[in-house]
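Here are a few exercises to work through with the model open beside you. Have a go at each task before reading its solution.

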Amino acid sequence: MSEMWHYSRRALMMKSSVIRETLKITQKPGIISFGGGLPASELFPTKELAEAAQKVLTEHGEKALQYGLTEGYLPLREMIAERASRQGINVSADEIMITGGSQQGLDMCGRVLLDWGDVVISARPTYLGAIQAFNAYFPKYVTLPSDDDGMTVDGLKEILETNDARMIYLVPTFQNPDGRTIPVHRRQRILEIAKTYGVPVIEDDPYSELFFEGTVPSPMKALDPDIVISLGTFSKLLAPGLRIAWLIAPPGVIDRFVRMKQGADLHTNTFAQYLIYEFAQNGKLDAHIKKVRELYSHRRNVMIEAMEHYFPDEVKFTRPNGGLFLWVELPAGVNTTTLLTKAVENSVAYIPGSAFYPEGGGDNTMRLNYSKPNETEIEEGIKRLAKLFKESLTKK
Ligand SMILES: Cc1ncc(COP(=O)(O)O)c(C=O)c1O
């Protein structure tokens with residue numbers, strides 16, 4: 001019967017992501033996967049979360065299991081405001097809305113800001129999940145290339161001059177997929193230009209608290225609160241399965257998001273909001289984040305050392321100072337999508353970089369994740385990749 005149904009253009013145009021498809025292949029037993037973007041599950045603080053859950057149910061059960069505000073649980077929003085102030089973002093809880101993952105925040109940005117054919121400006125490469133979220137609103141992408149400092153600015157003015165752009169979407173800190181970070185002077189330049197043209201900047205920031213050494217540039221939201229909508233999430237700081245994240249938007253703008261979310265799902269899971277709030281008390285969240293940073297920093301080091309040792313010299317890669325991913329660039333002519341089949345035969349997987357190019361390109365690049373595989377797997381997986389790279393380079 002369902003073959004006779006008519007689907008919306010939106011449903012017809014939604015494609016499954018390369019990441020989902022690749023992750024399916026990587027379920028193969030024995031495969032070393034650098035493909036996903038999963039946190040190290042061995043760090044999930046299950047015991048402390050169980051205690052927090054018990055406390056929430058015993059002490060606040062009637063509220064924690066009840067419908068809640070669309071904006072989210074106020075003490076959690078106050079806590080997020082306090083944490084944001086440590087990064088120089090001075091906002092009140094009224095400017096914060098809790099979302100079901102940042103992925104929902106991205107969808108809400110699409111709903112609130114995009115009509116059919118509107119232009120989204122982003123870096124290339126950029127986060128694939130954002131492209132998927134925005135695609136439901138049929139935008140057109142205009143992208144700018146990245147250098148070691150993330151999205152370049154040359155040409156941004158011209159794009160804004162000649163297009164009806166509705167947002168500049170950025171992951172300015174330890175970007176998924178390439179691990180690059182935009183330095184402050186470039187952030188300021190982007191904000192200046194965005195301001196001139198009255199276009200909001202979406203700062204998608206799941207990773208800035210997961211830095212390894214030194215300091216992190218000020219968030220764009222801290223540099224110019226009026227034109228930035230910022231997204232944060234507990235997914236990588238604590239546990240993605242809880243699906244709790246937040247969106248910060250200027251007063252007046254946040255109301256539009258709240259109205260939109262009301263229609264979508266009334267509000268985010270109340271119990272999970274109480275749970276995170278309870279868990280975070282007495283410095284437990286900060287202590288946990290410290291552990292996450294230490295482990296990922298170590299795994300990044302293991303990956304980079306292995307890459308320096310085994311990869312042929314022609315292969316370039318980024319050295320991120322935080323986050324979960326690094327980016328590998330092979331000489332032009334090597335196609336990492338074709339190479340993936342061979343890689344999977346050799347029990348190693350990655351995400352081909354072209355997935356992160358909304359306008360096409362990036363065929364010779366790939367994203368590697370170092371948070372999920374353990375140190376032994378990282379070393380072995382890099383060896384396997386190095387062998388494949390050498391073979392495909394000698395064939396060229
Ligand atoms: C840049 C970026 N934005 C958003 C998300 C989605 O995060 P969440 O689990 O909060 O939906 C991710 C997840 O990997 C991400 O890398």
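**Exercise 1: The ligand shell**

Task: find out how many residues surround the ligand, and which are the closest.

Solution. Keep in mind that this is a predicted model. Start by picking out the shell: 14 residues surround the ligand, and the closest are Gly 101, Gln 103, Asn 176, Thr 233 and Ser 235. Next, ask which element gives the most to this shell; that's helix H5 (residues 101-113), with 3 residues. Last, sort the shell by residue type: you get 5 nonpolar, 8 polar and 1 charged.

**Exercise 2: H5 against H10**

Task: work out at what angle the axes of H5 and helix H10 (residues 253-265) cross, and name the residues that meet.

Solution. Begin with the general idea: a pair of packed helices is described by the angle between their axes and the distance between the axes. Here the axes of H5 and H10 come within 10 Å and cross at roughly 105°. Angles of 65 to 115 degrees count as roughly perpendicular, so H5 is roughly perpendicular to H10. Now for the residues: on the H5 side, look at Met 108, Arg 111 and Val 112, which meet Arg 256, Phe 257, Met 260 and Lys 261 in H10. Sorted by type, the residues of this contact come out as 4 nonpolar, no polar and 3 charged.

**Exercise 3: How H11 sits**

Task: decide whether helix H11 (residues 270-280) is largely enclosed or not, and why.

Solution. Count the buried residues, using 20 or more other C-beta atoms within 10 Å as the cut-off. Of the 11 residues of H11, 10 are buried, so the helix is largely enclosed by the rest of the structure. Among them are Tyr 274, Leu 275, Ile 276, Tyr 277 and Phe 279, but also Gln 273 and Glu 278. Then look for the cover: over the buried residues of H11 you'll find, among others, helix H3 (46-64), helix H4 (74-85), strand E2 (96-99) and H12. One more thing to spot is Asn 282, just after H11, which takes a positive phi of about 60°.

**Exercise 4: Two domains**

Task: describe how the chain is divided into domains, and how many residues each gives to the contact.

Solution. Domain 1 covers 2-45 + 286-395, while domain 2 is 46-284. Their centres, taken over C-alpha atoms, are 24 Å apart. The contact takes 36 residues from domain 1 and 37 from domain 2. On the side of domain 1 that touches domain 2, helix H1 (9-13), helix H12 (284-310) and strand E11 (325-329) each supply at least two residues. H12 gives the most to that side, with 9 residues.

Methods:
Residues are numbered from 1 along each chain as its sequence is written. This is a predicted model: local features need pLDDT of at least 70, side-chain atom pairs count only at pLDDT 80 or more; totals for chains, interfaces and linings use all residues. Domain bounds come from an automatic or database domain assignment. Two residues are in contact if their C-beta atoms, placed from the backbone, lie within 7 Å. Helices (H or I, at least four residues) and strands (E, at least two) are DSSP runs, numbered from the N terminus. A residue is near a molecule or strand if its C-beta atom, placed from the backbone, lies within 6 Å of it. Ala, Val, Leu, Ile, Met, Phe, Trp, Tyr, Cys and Pro count as nonpolar, Asp, Glu, Lys and Arg as charged, and the others, Gly among them, as polar. A residue is buried if 20 or more other C-beta atoms lie within 10 Å of its own, exposed if 12 or fewer, and partly exposed in between; C-beta atoms are placed from the backbone. Axes are lines fitted to C-alpha atoms, for helices over the stretch in contact, and angles run from 0 to 180 degrees between N-to-C directions. Angles under 35 degrees count as roughly parallel, over 145 as roughly antiparallel, 65 to 115 as roughly perpendicular and the rest as oblique.
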